[in-house]
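Biologist: Before I rely on the descriptive terms used for this model, I should like to hear the reasoning behind them. Could we take them one at a time?

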Amino acid sequence: MDALEKGKVHAGELSPEEFQIVSKDLEKYKNINIYSDQMNGVVFLLLNIRSEKFKNQNIRSWVYKTIADKFNVSGTFRKFTKKARQYFLPGGKGHLSSKFLDKKLSAVPLGKVDGKLLEKFKMDIVTTPSMRSYLPGNIESHLKEILQAPVSISYNVDGNYEKFIEGRRFEAHLMAASMSYKVLSEALNLKYNSKPPEALDPSGKVRELLAKYQREDDPEEEKKIIGAILEQMIDDAEIIPLFFFSGPMFIDNKVLSGKEMHFSESFQIWKLRQN
């Protein structure tokens, strides 16, 4: 926001916190034009399946179900976010219905979790300093409340992100990801097939389904495959979605004109001219 207020930035994407600030004081930011404020990203927890704690799938499933059942975004952040129980955006191809999710999550076998493990359970989460503007202020205390366990969030991930992911020296990582309604498979490819991959795919089934999706031409079959991937992600409980967010694009209308901006395309094409 500091760069925006000082006129150092003339176009870009607002985080939920920045969107909230601009929306609260429209007179102050009357030179800022907001475009495409639909939900276009998700905040999620990535559990390290190589860690001693989260190599246990039952523990991961317990965390997934508990967060899916009890997590809520509070305060003014509600206006710019929506609770997530699956990874893909509402209305996206293959998005699972609430009825299906209710049935799926009710079947998660919590009885398999060792009570002694839960008594000693705690979660140490790491993330980047920039994530502060994507998170409600009570995120740490809320996770403590719903998990009924100690939770700490450290904003100390900096420098080489690829090296951080490859090193896997974390239990849980909190991050945000942008995505398009029309290029959903790319969002999954970035998680599972990048080098190094953020998600390790403990069952091996997500990568198989992604490969099948890439070979498929029938839209209805594509939708079924995406749905199967989202269901498998719940079973694996490696990526745990918290909430969807709106990260709208903006331009400074004192400097730029955005009359020819094509948000309906798969990739958002900006045709800007200087005023």
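Modeller: Let us begin with a strand pair in this predicted model. Strands β5 (residues 123–126) and β7 (residues 172–178) run parallel and are joined by 2 bridges.

Biologist: What makes β5 and β7 a pair?

Modeller: Two strands pair if at least two bridges are found between them. The 2 bridges between β5 and β7 therefore satisfy that cut-off. Across this pairing, Val126 stands opposite His173 in β7, and Ile125 stands opposite Ala172 in β7.

Biologist: Which sense of pairing, parallel or antiparallel, joins β3 and β7?

Modeller: β3 and β7 pair in the antiparallel sense, over 7 bridges. Val43, for example, stands opposite Ala176 in β7. As for exposure, β7 is mostly covered, with 5 of its 7 residues buried.

Biologist: Why is the pairing of the sheet called mixed?

Modeller: Strands of a sheet pair through backbone hydrogen bonds, either parallel or antiparallel. Here β5 and β7 run parallel, whereas β3 and β7 are antiparallel. The open sheet has 6 strands in the order β4-β8-β3-β7-β5-β6, with mixed pairing.

Biologist: What makes β4 and β6 edge strands?

Modeller: Each of them, β4 (81–83) and β6 (151–154), pairs on one side only. From one strand to the next, the twist averages 30 degrees.

Biologist: How do you know that the buried residues of α4 line one face of the helix?

Modeller: The buried residues of α4 (residues 98–106) are Leu101, Lys104 and Leu105. Seen down the helix axis, they fall within an arc of 90 degrees, so they line one face of α4. An α-helix has 3.6 residues a turn, so residues three or four places apart point the same way. The face of α4 turned away from the buried side carries the exposed residues Lys99, Lys103 and Ser106. The buried residues of α4 pack against α3 (57–70) and α10 (219–236).

Biologist: Why are α3 and α10 called roughly perpendicular to each other?

Modeller: Their axes come within 8 Å and cross at roughly 115 degrees. Angles of 65 to 115 degrees count as roughly perpendicular, and α3 and α10 are therefore described in that way. The contact is made by Gln57, Arg60, Ser61 and Tyr64 of α3 and by Met233, Ile234, Asp235 and Asp236 of α10. These residues divide into 3 nonpolar, 2 polar and 3 charged.

Biologist: Which strands does α3 lie across?

Modeller: α3 lies across β3 (41–47), β4, β5 and β8 (239–245), and runs at about 20 degrees to β8.

Biologist: What puts the buried residues of α6 on the same side of that helix?

Modeller: In α6 (residues 139–147), the buried residues are Ile139, His142, Leu143, Ile146 and Leu147. They cover an arc of only 120 degrees around the axis, which puts them on the same side of α6. What covers them includes α3, β5, β6 and β8. After α6 comes Gln148, whose phi is positive, near 55 degrees.

Biologist: Why is Pro219 called exposed?

Modeller: Exposed means over 50% relative accessible area. The value for Pro219 is 55%, so this residue is exposed. Pro219 has its place in helix α10. Pro219 and Lys93 are 126 residues apart in sequence and 9.2 Å apart in space, C-alpha to C-alpha.

How values were computed: Residues numbered from 1 in each chain as written. Predicted model: local features only at pLDDT ≥ 70, side-chain atom pairs only at ≥ 80, totals over all residues. Heavy atoms only, no water. Buried < 20%, exposed > 50% of the residue type's maximum accessible area, 1.4 Å probe, protein only. Helix = DSSP H or I, 4+ residues; strand = E, 2+ residues; numbered from the N terminus. Arc of directions from axis to C-beta. Contact = heavy atoms within 4.5 Å. Axes fitted to C-alpha atoms, helices over the stretch in contact; angles between N-to-C directions. Parallel < 35°, antiparallel > 145°, perpendicular 65-115°, else oblique. Nonpolar A, V, L, I, M, F, W, Y, C, P; charged D, E, K, R; others polar.
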